[in-house]
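This report describes a protein chain with a bound ligand, read from its sequence and its coordinates.

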Amino acid sequence: MDLFQKCYSFTRADEVKGAGFYPYFRAIEANEGPVVKIENREIIMAGSNNYHGLTTHPKVKEAAINAIRKYGTGCSGSRYLTGTLDLHIQLEEKLADFLEKEAVLLFSTGYQTAQGIIPTLVSKGEFIISDKDNHASIVAANMMAKGGFAEFKRYKHNDMSDLERVLSALPVDAPKLIASDGVFSTTGEIVELPKLVELAGKYNARLLIDDAHATGVIGHCGRGTASEFGLTDKVDMIMGTFSKTFASLGGFVAGERAVINYLKHHAPALIFSASPTPASVAAADAALEIVKEHPETVTKLVSNAQYMRDGFVNMGFRVLDGRTAIVPVILGDDMLVFRFWRKLFDAGVFVNAFISPGVPPNMAMLRTSYMATHEKQHLDRILEIFNDIGKEMEIIS
Ligand code: PMP
C-alpha cells in the first residue's frame, strides 16, 4: 500500500466544501479587529484570540515597524547562537516582572514552548501527568517525553479526585510534573487551581500551567491563572503565547531562574530553531506595555464576554458557563454546526466551528470569543443574527 493512499482517499473536507459549509482556512483580506473583510464583505469577528484588540493598535504596529528598521526582518539563527537580540532579553525581563517570576525564556511559538519544556524536563523514570483536555501543544510534548521513555499519565478533565487517584498510585520519590491549561482553550473553563496546587504539594510534583487564554483575561490586571487565585508562588512554571492578548507570534515560560537556565541550555525546541523575529518581539513588548497601562481593558473584555453569555442564555441557547473571553454555544451535532456556521457567515458573523473529534461526542459547538474592542453595536448585531438563525433552524423558540 502506498504511503499517500490515505491522502488520496481523504474526501471529507471536499465534501463539506462541495456542500458550501466549509468553515476553515477562510482568507481574511483586511483586519480592523472586531470587523474583518472576507470575500470582499465586512464580517464581525467573533472568533479571534486578539483579546485586547492590540494587533491593530498604532503603538504596536509602530514598534514592529521600527524593529524591522533597526534589526531587519529576521534573526537567522537560534537564541543559542546568533539569534539573541537585546529585544529578546528586554522582553524576558519585563515579562518576568509582570508575572512575578524570577526569569522568563522566549520561544518562537506557544506550541513550541510546550515542546521546549516538557520533554526537556521529564525523562526516563520520571512522570508527566496531564489533564485529558489539555491543548494539543501539551499533548504533543507529552508524546515526545514518552518517546524519550518518560512515564505519561492522564487524568479526567479538571477532575481533582481523579488526579489524586493517579498521583497516589505513583512511586512517592519519582520526579513528577503536572501540566494543565489555566483556561481551557475549547470551553474557556478555568482550572481548579487551589486543589491542583494542594495535590502537587501533597504528592511532591511540580506544576506547569498553560496561560495562553488566561493572560490578559483573568488574574490581577490580566496576570493569568496563578494570580487569579493568589497562588503565583505555588505554580512552578507559567507558559504563555504572544499570539493572543500580546498581538504577535511567539511563546514564553516563566519560572525559577535555575529552571529557566536549564531549559535555555537543554531545550532542543529552543536550541535548534530560529528565535522570534524582531518585529514579533517588539510588537509583543509594546502590547505588554499597553496591557500594563490599561488594566481597565481586562474588565471591558470580561464584561463583553459576559454580555454575550447572558444574551445567548436569554435566547435559549445552550452555553457553557464561565468568566473568560471564550463563550461556546453548544449545538451538539457536527452538521448542525456547519449549517449554522454558514448562515452566520452569510449574515456577516465569523465564529469557530468545533466538531468531533476535536470536541467530545454531542459537544459540537460554535466557539465564540470576544475582544475588548468589540463595541455594543457589534455584540448586539451578533446576538440579533444568532437569534434569527436559531429560530429559523428551530434550535431556539
Ligand atoms: N496553548 C493553548 C492553550 C493554546 O490555545 C494555543 C494556541 N491556540 C497554544 C498553546 C499555542 O500557541 P501558539 O499559537 O502561540 O503556537
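The text below takes up an open sheet, the nonpolar cores, the ligand surroundings and three loop residues. The model is predicted.

**Sheet**

An open sheet is built from four strands, which follow the order β1-β2-β3-β13 with mixed pairing. Its edges are β1 (28-31) and β13 (349-350), and each of these pairs on one side only. A helix, α15 (residues 376-392), packs on this sheet and touches β2, β3 and β13. The direction of α15 makes about 95° with that of β3.

Strands β2 (residues 35-38) and β3 (residues 41-45) are joined in the antiparallel sense over four bridges. Within this pair, Val35 stands opposite Ile44 of β3. Strands of a sheet pair through backbone hydrogen bonds, in either a parallel or an antiparallel way.

**Nonpolar cores**

The largest nonpolar core holds 54 residues. Those with the most contacts inside this core are Leu95, Ile129, Leu163, Ile178, Leu193, Leu196 and Phe246. Helix α12 (residues 278-293) supplies the largest share of the core, with 10 residues.

Leu193 shows what such a position has around it. Not counting residues up to four places away in sequence, Leu193 touches Leu207, Ile209, Thr225, Ala226, Phe229, Leu231 and Val235.

A second core, separate from the one above, has 43 residues; among them are Val16, Ile43, Val319 and Met371. In soluble globular proteins, nonpolar side chains tend to be buried together.

**Ligand surroundings**

There are 14 residues around the ligand, and those that come nearest are Gly110, Tyr111, Asp210, His213 and Thr241. Three polar contacts to the ligand are listed here.

| Residue | Atom on the residue | Atom on the ligand | Distance |
|---|---|---|---|
| Gly110 | backbone N or O | oxygen | 2.8 Å |
| Ser243 | polar side-chain atom | oxygen | 3.2 Å |
| His135 | polar side-chain atom | nitrogen | 3.4 Å |

Gly110 thus appears both among the nearest residues and in the table, through a backbone atom.

**Three loop residues**

Thr215 sits in the loop between β8 (206-210) and α9 (225-228). Is this loop residue, Thr215, buried or exposed? Thr215 has a relative accessible area of 5%, so this residue counts as buried, the limit being under 20%. Its contacts, leaving aside neighbours within four places in sequence, are Phe98, Gly222, Gly224, Thr245 and Phe246. Phe246 is also one of the residues with the most contacts inside the largest nonpolar core.

Ser123 lies in the loop between α5 (110-121) and β5 (127-131). Gly148 belongs to another stretch, the loop between α6 (136-147) and β6 (151-155). Ser123 is partly exposed because its relative accessibility is 33%, and Gly148 is partly exposed because its value is 37%. Both values fall between the limits of 20% for buried and 50% for exposed.

The two loops meet through these residues. With neighbours within four places in sequence left aside, Ser123 is in contact with Gly148, Phe149 and Ala150. On the same basis, Gly148 is in contact with Ser123 and Lys124.

Two C-alpha distances place these residues in the chain. Ser123 and Val217 are 94 residues apart along the chain, and their C-alpha atoms are separated by 33 Å. Gly148 and Ile385 are 237 residues apart in sequence and 50 Å apart in space. Ile385 falls within the residue range of helix α15, the helix that packs on the sheet.

Notes
Residues numbered from 1 in each chain as written. Predicted model: local features only at pLDDT ≥ 70, side-chain atom pairs only at ≥ 80, totals over all residues. Heavy atoms only, no water. Pairing = 2+ DSSP bridges. Helix = DSSP H or I, 4+ residues; strand = E, 2+ residues; numbered from the N terminus. Contact = heavy atoms within 4.5 Å. Axes fitted to C-alpha atoms, helices over the stretch in contact; angles between N-to-C directions. Core = buried A, V, L, I, M, F, W, Y, C linked by side-chain atoms within 4.5 Å. Buried < 20%, exposed > 50% of the residue type's maximum accessible area, 1.4 Å probe, protein only. Near = heavy atom within 4 Å. Polar contact = N/O pair within 3.5 Å; in protein donor to acceptor, adjacent residues only side chain to side chain.
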